[in-house]
Every structure is written in structure tokens, then in C-alpha cells.
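Visitor: Could you take me through one part of this model closely? I would like to look at the charged side chains and how they pair up.

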Amino acid sequence: MKKIIIALSFVAAALGLTSCEDFLTKTPETTLSPDTYFSSKAELDLWANKIYNDILPTADELAELNADDNGSTSSLSAIQRGTRTPSSKSWSASTWKPLRNINYMLENNKCSDASVKAMYDGVGYFFRAWFYFDKVRQYGDIPWYDHVIGSSDVDDLNKPRDPRGYVMLQVMKDLDKAYELLPARWPSDAVYHVSKDAALALKSRAALFEGTFRKYHAGTPYVPQDSQTFGDVTISSEYFLRQAADAASKMIGTRKLYTGNTLGLAPKATDASYREYFLLETAETDETILSRRYSVDILVRHGIQFTYKSNHRSASNRMVNHYLQSNGESMTKRIGFAYKDGEATLSYADMFVGRDPRMAQTLHGPDYVAIDGTAHEPLSWERTFNGYRVIKYISDSSHETATTSTTDFPVLRYAEVLLNYAEAKAELGELTADDISKTVDVLRDRVGMPAMGGVPTEVDPMLMDYYPHATGSQLAAILEVRRERTVELFCEGFRQWDLLRWGEGALLTPLATGGFRGIWVNGLGEYDLDKDGKIDLCLWQGTKPATTAPATNIIEIGDQFTITGGPSANVGYLTYYGKEDYTWHEDRDYLWPIPADQRSLTKGALSQNPGWDDGLSF
């Protein structure tokens, strides 16, 4: 794997390009000839390594995707602030160059070893599918290119956007080809290579996205016609949901979840394995389907831990409310708990009592033990802004500074596949008790949670309030699967895309949720949050008081920090971004704008997405 990472830098330098047309037409490596290259495994490997690096999201990229209703950092994204514009978007090197490289390899792979040729063709189809899935999620309709384009191919360079349904059908076909050609396991560094299981996992993810997007946006400008026929296939929401379920079903029961406790983070594995999975220096190979490799040896590191500290990565009260009680019941059934404004609720310490063990393995609770064994480490506002600090991915202090983390990062894992299957079946109205026992219950068993106990029929009013657009014949099951997905996949880069496909995009904006609400407080003054006899937090207005709270935890209530939701002033949830006022545009904001410069270059052949005004007359 050392070769895979190190070799990418000089290949990348040879591929610097300047415009969308150049990205599509320029020979990727001007010193190479297709007549002599791509004839050996070593050459294919070198070329494929660049594709891996360009297409797979990095740990840092996924970490930055977690600003949403369930958590945020000290900076908001463009989608949350409403600052996306046609002029601010650009189809630069990172947009089309990878597609050119993929198609180039597919067209010129001439390795005489049939098995090697098939493997790398499989790699090409897999990553072309990933490339286009990513583009459809952002832009909807997008031009489909399955071949290398020359500089004289004017028609191709100026073609209109293809319908998203057609493109996603090609994505499904590419992943079927990838599944057929890829090995079940590579001979070495298998977890860092795409495989048959990787093709199935990505297909379940992409098909679930498209199926639910079509369901929850049917009849809107985003999906003007749910059922369309391309060739001999009629696509619809149901078509893609069945594709998702079928792909995931092929993997169910063939893998298992990680249940280790080698770091000794807790006496029982059920209280440690979920957290430990995300701290492994070398990816394990049962749950992990595909991983990004990080290591000091190969000089490739990420900065999640540094970013989480510097940007005060915090979970919201909405996120915390998703966690069930340890007896499997919703928090809405717990005495003393309420989630509505104006009602008293539980303190920080009490919120962690008797909960799904994943909560204390994801967030800094009163009994938090650092990886170095430090028990009861105080909660610091240097690392949070609302009291719910995220500890997922947080390793020891050697990972604390910029770009020093060497924990491997799972890009595809078995837990997601289980959830993709359960959600697809629930959206189809076909989820069974047996399906649940093989999916959701497997996830719960890892942490010692009670089984779901069959198909849910009682709708949790809190979840219905959180997901008002959810609908279906198995509504209660849909909501409970969403709960499980929210808890299991927190901070893994899914939430933004989930809210967009579910038609709940407004929840990305602080205005829709009243800001990022954290712990409940009963007014100004001092707090012993973890009940250890020491003052942990001091909230004040006006004149700063004398206090024994740590300097980082002396918080002035005003423009930045507010307290809202209580029946009287300064009683309620400690809140950040409470004064953000961007209003979500339902008829525009679910897609990114097509860059205005590209529309100009094609003289309007590329149409603009609904609601976006780029000032062009075509």
C-alpha cells in the first residue's frame, strides 16, 4: 500500500489542467502512449492509484460534511448560509479530470493477463459509478460520458445534460460490471482496494439515495417525472429502492461487526467496541469493506482530531434525543424528559444516564475516559460550543495537532449496508421481522442494546416532529430505521445527503432548528456538570463574576452564545448560531447551481438548475 499512496504525487503534477474542456480532452499523461502503456499490472496499478486518490473522499472531507441539524462546528458551510451561487461554483480540476482518467484507462487497458485486465476494468467501472453518483447528488441532471473525448469532439463537449434517471441507470450498470469483474478479495492490502463487496455497498448507497430522492421529491422541479423509460428499463423510486435492497441483500450475513476491546476503553466490549472501531491504526477487515489508509510510514495523515478540537465539533440536542434509553424505549417515555420549547428537561449528566451505549462512545459524557486512560477528563469549551463534545475519532494526544492523525478511515462499512437494506425495505413497505433481526438488531447487539422486537407500528411523535415529510405504509419503521442510521453513522459524512434525499433540507439551516442547541441549563451561574464536586461551567451576562470554573468554560451569554427554549429568560438550551437567519428555498436549494462559466462556454447547452439565476439569457 505504500506504493499506492506515494506514487500519486508526481502523477497528479502531470495532470494539471485549466478548463472543463481541457479536463475532458487533454491526454492525462503527455509522456505516455496508450500503445505502450497499460500493458502490465504495475502500470495499471500506478494509473489506478491516482484514480483512488482523486475519487475516494478523504477523512478530512467527510469530517467537514457534518455540519447539519445533528451537529456543527464553529463555521457553517455554504449550503447552511445560503452562499452558493452560479458564479461561486466551478468545474475545475477536481471535477472532470478523474472521469477523463477513468475512461482513458478503460479504453486502453491491454494487459495480456486476462485476470489482471478484468480487475482493473472493474476498478474503472467502480470509480466511474462513484464519480457520477457524486455529481448527480449535487447537480441532478449531468452530461454522461463513457468514452474519451477528443478536442475536436464538439458535439460531445457541448452536449446538454442527460436526465439524472438515465445517468443513475448507467451508475447501476457500471456497478454491476464492477461486481462481475472485481475480485472478492485482492491478494494484498485487500481492505484498501475495491472489491465485489465494495461494488455491492456502493450500489446499495447510490440506489437508496436515488430511490428516496425520487420518492420525496416526486412532482417537483427536481423530479418532474418519476417513471421514465430508457431502453428496456422503466425507472422509478421503486426501481431504485429494489436495486438498493437487492445489492445489500447479497452481503447480509457474509460479514460481521467489529467487537474488539483491545484499548481497554471500558470493562465490557459492548461499552467500547463501537468507539474503538474508529480509533484503529490499521483497518480491521470484517466490518470494513473499503478504507482510506493513513500511516506515518507512508507520510499520509489526516487532521480530524485537530479539526474537531479547533472547530469545537459538537452534537446538537436533536442528535442526543435520537439515542434510545438502554431499555430500548424512546426518551419521550422517560419521566423528566421533554424536547419541546418551554418545558423543563434533563441536565447534561442526567441525559447520559441509562442510554444506548453508543451515546457515551460518541460524545463526551460525565464518565468519559480518554484513550490514554485519564478518567473523568473535564468537559472543555475549548472543544465544544454547546456541551455535547464529539469524541468519535478522538485518539491520543499525538493526533492532536494539524495533520498528525494516522487512524485508518472506513469509506464503506458493513453497518451502512445493513441500514441501507432496512431502509429500502421499509420505504417499499416490505420490511419484515426477519429483516430487522438481520440488520438493525445486529447493530444493537454489538453495543448490548435490546432487539427492536419486530416491525415497529407505533410512531414516535418526536421522530415525526423531526422528520415531518416522512411517509409510507410502514411509517413507524421508516422513522425507527432513520433513528438507527442517525445514531450509527453520526459524523461519517451522511447526514447532509440524508436530509436532502428525505426532503428535509431546511434542517441544514440553523434557522429551522433554532440554532445548534446543546445542554439544558437553568439560568446564569455556575454548574458542576459531571457532579464531581468541582465547578465546570460558568454562564454570565453583564459583569463577569468570580468563579472557579476553568477559563475556557466561562461563557458570556449574548450574541454568540444564547439560552433559549425555557419558560423564563435564560432558562433553556445553551445555543450557538441561534441568530442565523438564512431561510431554505424548497424550490432551489436541493441542488447546486451549474457554474455560470460552463453555461457560457456551451452557449446554453448546459441548462441551469431550478431557481438559480446566473444572469444568462439562455
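Guide: Happy to, with a short warm-up on a helix. This is a predicted model, and helix 4 (residues 41–55) offers a simple geometry check: at 1.5 Å a residue, its 15 residues should span 21 Å, and the end C-alpha atoms lie 20 Å apart, which agrees. Among the buried residues of helix 4 are the charged D45 and K50, along with W47 and Y52.

Now to the pairs themselves. The count of salt bridges comes to 46. One of them joins the side chains of D69 and R495, at 2.8 Å from N to O. D69 sits in the loop between helix 5 (59–63) and strand 1 (71–72), while R495 belongs to helix 23 (residues 495–501), so this pair ties together parts 426 residues apart in sequence. With the cut-off for buried at under 20% relative accessible area, D69 counts as buried because its value is 1%, and R495 does too at 8%.

Compare E430 and R242, whose side chains meet at 2.6 Å, N to O. E430 is in the loop between helix 18 (414–428) and helix 19 (433–438), R242 is in helix 12 (residues 237–249), and 188 residues separate them. Here E430 counts as partly exposed at 27% relative accessibility, as does R242 at 32%.

Finally, K392 bridges to E492, with the closest N and O atoms 2.8 Å apart. Both K392 and E492 are buried. Through shared partners, salt bridges join them into one network with E287, D356, R358, R413, R444, R446, E484 and E488.

Notes
Residues are numbered from 1 along each chain as its sequence is written. This is a predicted model: local features need pLDDT of at least 70, side-chain atom pairs count only at pLDDT 80 or more; totals for chains, interfaces and linings use all residues. Side-chain values use heavy atoms; hydrogens and water are left out. Helices (H or I, at least four residues) and strands (E, at least two) are DSSP runs, numbered from the N terminus. The expected span of a helix is 1.5 Å times one less than its number of residues. Buried means under 20% relative accessible area, exposed over 50%, partly exposed in between (1.4 Å probe, protein chains only). A salt bridge is a side-chain nitrogen of Lys or Arg within 4 Å of a carboxyl oxygen of Asp or Glu.
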